[in-house]
Amino acid sequence: MADRDPGVMTGQSGGTARSPGIGWNDLMALDSRPAPACLTEESYEFRGSQPIKAERYTSEAFAQAEREKMWPHVWQFAAREEDMPEPGDYVVYENAGRSYLFSRQADGSVKAYHNVCLHRGRKLRTEDGSADSFTCPFHGFSWNKDGSFAGMPCQWDFAHLTPDKMALPEAEVGRWAGYIFVREESGGPTLEEFLAPLPDHFKRWRHEECTTVIWVAKEVPANWKVTAEAFMEAWHTIVTHPQLLAFTGDCNAAYRTWGDNVNVNLVPFGIMSPHVDPEGKTQQWIVDEFVKFNGRSADNYDGEAGIDPFAVTVPEGVTARAALGTAMRNGYTAQSGYDHEDATDAELLDGLVYNVFPNFAPWGGFMPNIVYRWRPGKTPDTCLMEVRILARGKKGEPLPHGVPMTLLGPDEPWTTAAEIGVLGDVFEQDMANLPFVQDGLHCSKNGLVNFADYQEIRIRQFHQTLDKYLDGELGGRA
Ligand code: FES
Ligand SMILES: [Fe+2]
């Protein structure tokens, strides 16, 4: 589509430059345990250096094209199993102009209906709950939890609406590792094909053993892609999050992409950024800075306020990464009852930030995992960003019910949600940019946005996949 092609091409031989300093795979070779293949196998493909158009983030016509040609055809992360564990439990999930009602069936399966009354269109449910039938609050049309029609008042006036015409329209449901997905239009890849190679990588980290312990959402005054992309690269740490540099290998991070849908940013913690002057800095200094930063959130995770399990003393000849890895290995084993003996330091410590097209980002590893989701707002200039923290349940015990979502308005900072601890400060630093990115994109004179060849490869892959939907190559609607 010409209106999305700025027609500017630069060299095709880029993408080979890497940051000076220790590389990700060098770190994996130094790990106290053998690193699994999913952390060491390179998967980078140069995808061009051309700019993209700023209007992708600002135009209502572009947002409309996304609603028509992309969203109905992708598998969307809609809910977690622990949000609706019992038969009759239901969850409302809304995105991109659609509303779905997920209902747990008697046999444990999950169905998803379009959450709109077939009489005059009221939403059937606006909040999550538990029920064996759904009766519309307007005139009382009613459906069973299997989606079949249960009847209406004044049936004598509706001879034309027979039960066989009145089943709620369904959407496809897919389930993986405790995540429940929806796809509006059937056809296309199975969920497993769509997610590949994610299920293979996450076999080690087993998110099906985890439950949502923190869930905070915030309305952000920026496009959903602007907001998501702020979490797709680590190198803005230098300027936006300088307090992390003492223990973050921002430019040592690895970036990998697979096919159309999946990518990862592997960010090492427990090493100094190449941007920190190493003069006089010890391995203990790295740990001390990490603990100083992380103390509050560690309290959240182990429930023992005031005690930081990772405040370790680094023995002579041991790296900060190895010392922190040992502390976390022991801490998570004691906490969950699951053996973490084979867990690498990287899987206990680092940011293994996966993204699945278009808006689902689960972190890998054995620590409490962050899961991001971004949904477009009513205009291209707003979105909803959600942050869940999944924690492993106790071995042999049923998983606790997930916590409900805390919703922050546009004027409420992330730090309002005390439960996300120090993440609130970090996200507020991101929020200090995003409204001005959105404004800047509207103001841009050349109307173009540029990307780094390596550290922003995930963003480029994202836009190339989005174009495949908008052009009809994927999703089947040109
Ligand atoms: S709109 Fe639902 S019963 Fe009338
Ligand atoms: Fe950030």
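Student: Why is Lys225 called buried in this predicted model?

Tutor: The relative accessible area of Lys225 is 0%. The term buried applies under 20%, so Lys225 qualifies. The residue belongs to helix H7 (residues 224-229).

Student: What makes Phe462 a contact of Lys225?

Tutor: A contact requires heavy atoms within 4.5 Å, and Lys225 is in contact with Phe462 once neighbours within four places in sequence are left aside. Arg56, Tyr57, Phe62, Glu66, His463 and Leu466 are also in contact with Lys225. Lys225 and Phe462 are 237 residues apart along the chain, with their C-alpha atoms separated by 9.3 Å.

Student: Why is Gly14 called partly exposed?

Tutor: Gly14 has a relative accessible area of 24%. Partly exposed covers the range between the 20% limit for buried and the 50% limit for exposed, so Gly14 falls in this class. Gly14 is located in the segment before helix H1 (24-30).

Student: Which residues are in contact with Gly14, leaving aside its neighbours within four places in sequence?

Tutor: They are Phe46 and Asp453. Gly14 and Asp453 are 439 residues apart along the chain, yet 6.5 Å separates their C-alpha atoms.

Student: How do you know that Glu94 and Lys123 form a salt bridge?

Tutor: Their side chains meet with an N to O distance of 3.0 Å. The criterion is a side-chain nitrogen of Lys or Arg within 4 Å of a carboxyl oxygen of Asp or Glu, so the pair meets it. Glu94 is in strand S3 (residues 89-95), while Lys123 is in the loop between strand S5 (110-114) and strand S6 (129-130), so the bridge ties together parts 29 residues apart in sequence. Both partners count as partly exposed, Glu94 at 29% relative accessibility and Lys123 at 35%.

Student: What makes Arg183 and Glu172 a salt bridge?

Tutor: The closest N and O atoms of Arg183 and Glu172 are 2.8 Å apart, and the limit is 4 Å. Arg183 lies in strand S11 (residues 179-183) and Glu172 in strand S10 (residues 170-176), so parts eleven residues apart in sequence are tied together.

Student: Are Arg183 and Glu172 buried or partly exposed?

Tutor: Arg183, at 2% relative accessibility, counts as buried, whereas Glu172, at 26%, counts as partly exposed.

Student: How do you know that Arg321 forms a salt bridge with Asp350?

Tutor: The closest N and O atoms of Arg321 and Asp350 are 2.8 Å apart. The pair links distant parts of the chain, 29 residues apart: Arg321 is in helix H10 (residues 320-336), and Asp350 is in the loop between helix H11 (345-349) and strand S15 (351-356). Arg321 is buried with a relative accessible area of 6%, and Asp350 is buried at 1% relative accessibility.

Student: How many salt bridges does the structure hold?

Tutor: The structure holds 25 salt bridges. A network of salt bridges links Glu81, Arg104 and Arg175.

Student: What makes the phi of Ala177 and of Arg206 notable?

Tutor: Most residues other than glycine have a negative phi. Ala177, in the loop between S10 and S11, has a positive phi of about 50°. Arg206, in the loop between H6 and strand S12 (210-220), has a positive phi near 50°. Ala177 is buried, with a relative accessible area of 14%, whereas Arg206 is partly exposed, with 22%.

Student: Which peptide bonds leading to Pro197 and Pro358 are cis, and what is omega there?

Tutor: The bond from Ala196 to Pro197 is cis, with omega near 5°, and so is the bond from Phe357 to Pro358, with omega near 0°. Most peptide bonds are trans. Pro197 is in the loop between helix H5 (191-195) and helix H6 (198-202), and Pro358 is in the loop between S15 and strand S16 (360-364).

Student: How do you know that the radius of gyration of the chain agrees with that of a compact globule?

Tutor: For 478 residues, a compact globule would have a radius of gyration near 23 Å, and the chain has 24 Å, so the two agree. Buried residues make up 55% of the chain, and its secondary structure comes to 14 helices and 20 strands.

Note on methods. Residues numbered from 1 in each chain as written. Chains lettered and ligands numbered in written order. Predicted model: local features only at pLDDT ≥ 70, side-chain atom pairs only at ≥ 80, totals over all residues. Heavy atoms only, no water. Helix = DSSP H or I, 4+ residues; strand = E, 2+ residues; numbered from the N terminus. Rg over C-alpha atoms; globule rule 2.2 N^0.38 Å. Buried < 20%, exposed > 50% of the residue type's maximum accessible area, 1.4 Å probe, protein only.
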